[in-house]
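Reader: Could you walk me through this one, chatting as we go? I'd like to look at its rings and its core.

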Amino acid sequence: MSYQNKKKDQYIKLLTYNDQKELSIQINSSFSYFIKDLKDKYPFLTNNDMILCCLSLTGLSTHAISLCFPVSGVNAIRQRRFRMKSKMIKSSKNLLMYNFIFGKDETEDKITV
């Protein structure tokens, strides 16, 4: 774990590069069939997108998920989900898989295709 200074006297623990690599290996092993299905249906998703999908399925909060990536803050995760949602809608014309992974969210009605 590494630490990032967010505010004076307040530190956030982030995963190191090696921890992120190990997490990726474990997720790819545990969710191999799900990841294969995602890659088949949505080939444009990156490896980090796949990891985000899997972590979301575990029920972790957006804040907890953000600590697993080399970004700081939940806004980066929200933006990534929004971009993924737009691409998934354009690809399959429905939100079933997205809603299964992330649940319904407040941005659902804001996206136009």
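Author: Sure, here are some questions and answers on the fold, the core and the rings. This is a predicted model, where local features need pLDDT of at least 70, side-chain atom pairs count only at pLDDT 80 or more, and totals for chains, interfaces and linings use all residues. Residues are numbered from 1 along each chain as its sequence is written, and side-chain values use heavy atoms, with hydrogens and water left out.

Reader: In what order do the elements of the protein run from the N terminus on?

Author: Helices (H or I, at least four residues) and strands (E, at least two) are DSSP runs, numbered from the N terminus. The protein comes to six helices and two strands. Lined up from the N terminus, they read β-β-α-α-α-α-α-α.

Reader: Which element gives the largest share of the largest nonpolar core?

Author: A nonpolar core is a set of buried Ala, Val, Leu, Ile, Met, Phe, Trp, Tyr and Cys residues joined through side-chain atoms within 4.5 Å; buried means under 20% relative accessible area, exposed over 50%, partly exposed in between (1.4 Å probe, protein chains only). The largest one here has 25 residues, with Leu-38, Phe-69 and Ile-101 making the most contacts inside it. Two or more residues come from each of H2, helix H3 (47-57), helix H5 (74-92) and H6. The largest share, six residues, is from H3.

Reader: Is Phe-100 buried or exposed?

Author: Let's start with its ring partner, Phe-34. Rings of Phe, Tyr and Trp (its six-membered ring) pair if their centres lie within 6.5 Å; planes under 30 degrees apart count as stacked, over 60 as edge-to-face and the rest as tilted. Phe-34 and Phe-100 have ring centres 6.5 Å apart and planes at 55 degrees, so they make a tilted pair. Phe-34 is buried at 16% relative accessible area, whereas Phe-100, at 55%, is exposed.

Reader: How are the planes of Tyr-98 and Phe-102 arranged?

Author: Both residues lie in helix H6, four residues apart, about one turn of the helix. Both are buried, too. Their ring centres are 4.7 Å apart and their planes at 40 degrees, so the pair is tilted.

Reader: Which residue lies over the face of Phe-69?

Author: The test here is for a charge over a ring: NZ of Lys or CZ of Arg within 6 Å of the ring centre and within 35 degrees of the ring normal. At 5.7 Å from the ring centre of Phe-69, the residue over its face is Arg-80.
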